[in-house]
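Please look over the sequence and the model displayed here before reading on. The report is meant for someone who meets this structure for the first time.

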Amino acid sequence: MLEIRDLSAAYGESQVLWDVSLDVPDGGVVCLMGRNGVGKTTLLKAVMGLLPARSGRIAFDGVELRGRRPEERVVRGIGYVPQGREIFPNLTVAENLRVGHMGRRRGGPGERGAAAERELDQAFDLFPKLKSLLGRRGGVLSGGEQQQLAIARVLLASPRLLLLDEPTEGIQPSVILQIEEAIQRIKERGIAVLLVEQYLEFAWRVADSYAIMRKGTIVSRGATADLRHDAVREHLTV
Ligand SMILES: Nc1ncnc2c1ncn2[C@@H]1O[C@H](COP(=O)(O)OP(=O)(O)OP(=O)(O)O)[C@@H](O)[C@H]1O
Ligand SMILES: [Mg+2]
């Protein structure tokens, strides 16, 4: 589904990604791990087109994404939940969700409306708490609630691939469990996930495969079940 090959990217003169190759198969959950500052967020930004790639390829369903605008990548079926969540603090939960509908891909207006209703129900099904918070402004929600809102909002655009950047960062354990359950169910719906995560136990439970990044390049990858403690020690722990 997503095929990244020999991707390099830089902020101005400073190169951050070096020949990164990574695949996310249809319906698979891949966890990208690595210490702070190695380039995980930068890779997601490059996939979204928020940072131009310098060389290499990013193919989605066989279509080259390089040179295409972020909006077009959304329309093609890629959803992005950035690190730190970035919901609209001054909009209510309901309004934040309505913004999510705007990125919907298929169908005419009537069809879109019906599908959007269905997806809103599915979003409440994943995160029931949001239903009771509809009138509240995003900015006053807890970190966990904001994360749930951010994921729900992106799902309303019915992506086939979800990019999730550190969804457990700064979130209390009970809410982490809810997010974990939500990812399991997102997966059951056939949506593929590229998850950036430093919380190992969480990654272990939700991902099928992993890739470890170090200094802007992938240094280890495989099935999560085979993720070895020595690799974790070498590349992840400080
Ligand atoms: N907008 C920017 N301009 C210049 N350099 C940047 C910019 N954003 C990130 N960098 C640098 O690029 C490198 C990779 O950053 P990135 O945010 O991708 O790391 P990360 O792996 O996501 O880290 P973390 O785990 O802390 O989120 C870092 O050295 C960072 O300082
Ligand atoms: Mg990051």
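The text below goes from the main sheet to its central strand, then to the helices, the remaining strands and the ligand.

**The open sheet**

This is a predicted model, and a natural place to begin is the open sheet that six strands form in the order β6-β7-β8-β3-β9-β10, with mixed pairing. Its edge strands are β6, residues 78-81, and β10, residues 217-223, each of which pairs on one side only. On average, and with direction ignored, neighbouring strands of this sheet are turned by 15° against each other.

Within this sheet, strand β7 (residues 161-165) runs parallel to strand β8 (residues 192-196), and five bridges join the two; Leu163, for example, has Leu194 in β8 as its bridge partner. Strand β3 pairs with β8 in the parallel sense over four bridges, and β3 also pairs with β9 in the parallel sense over four bridges. Cys31 takes part in both pairings, since its bridge partner in β8 is Leu195 and its bridge partner in β9 is Tyr210.

How many of the residues of β3 are buried? Five of the five are, so β3 is largely enclosed by the rest of the structure. The side chains are divided between two directions: Val29, Cys31 and Met33 point one way from β3, whereas Val30 and Leu32 point the other way, and all are buried.

**Helices**

Helix α1, residues 40-48, packs on the sheet and touches β3 (29-33), β6, β7, β8 and β9 (209-214), while its direction makes about 150° with that of β7. Helix α6, which comprises residues 173-188, lies across β3, β7 and β8 and runs at about 150° to β8.

In helix α3, residues 93-101, the buried residues are Val93, Asn96, Leu97 and Gly100. Seen down the axis of α3, these buried residues fall within an arc of 95°, so they line one face of the helix.

**Strands β1, β2 and β4**

Strand β1 (residues 2-11) runs antiparallel to β2, and seven bridges join them; Ile4 stands opposite Leu22 in β2. The hairpin of β1 and β2 has two residues between the strands, and Gly12 in this hairpin takes a positive phi near 60°. Strand β1 also pairs with β4 (residues 53-60), in the antiparallel sense and over six bridges, and here the bridge partner of Glu3 is Ala59 in β4.

The strand pairings described so far are set side by side in this table.

| Strands | Sense | Bridges |
|---|---|---|
| β7 and β8 | parallel | five bridges |
| β3 and β8 | parallel | four bridges |
| β3 and β9 | parallel | four bridges |
| β1 and β2 | antiparallel | seven bridges |
| β1 and β4 | antiparallel | six bridges |

**The surroundings of ligand 1**

Which residues surround ligand 1? They are Tyr11, Ser14, Val16, Gly34, Asn36, Gly37, Val38, Gly39, Lys40, Thr41, Thr42 and Gln83. By class, this shell has three nonpolar, eight polar and one charged residues.

Two elements, β2 (14-24) and α1, each supply at least two residues of the shell around ligand 1, and the largest share, three residues, comes from α1. Helix α1 therefore appears twice in this account, as the helix that packs on the sheet and as the element that gives the largest share of the shell around ligand 1.

Technical notes. Residues numbered from 1 in each chain as written. Chains lettered and ligands numbered in written order. Predicted model: local features only at pLDDT ≥ 70, side-chain atom pairs only at ≥ 80, totals over all residues. Buried ≥ 20, exposed ≤ 12 C-beta atoms within 10 Å, placed from the backbone. Arc of directions from axis to C-beta. Pairing = 2+ DSSP bridges. Axes fitted to C-alpha atoms, helices over the stretch in contact; angles between N-to-C directions. Contact = placed C-beta atoms within 7 Å. Near = placed C-beta within 6 Å. Nonpolar A, V, L, I, M, F, W, Y, C, P; charged D, E, K, R; others polar.
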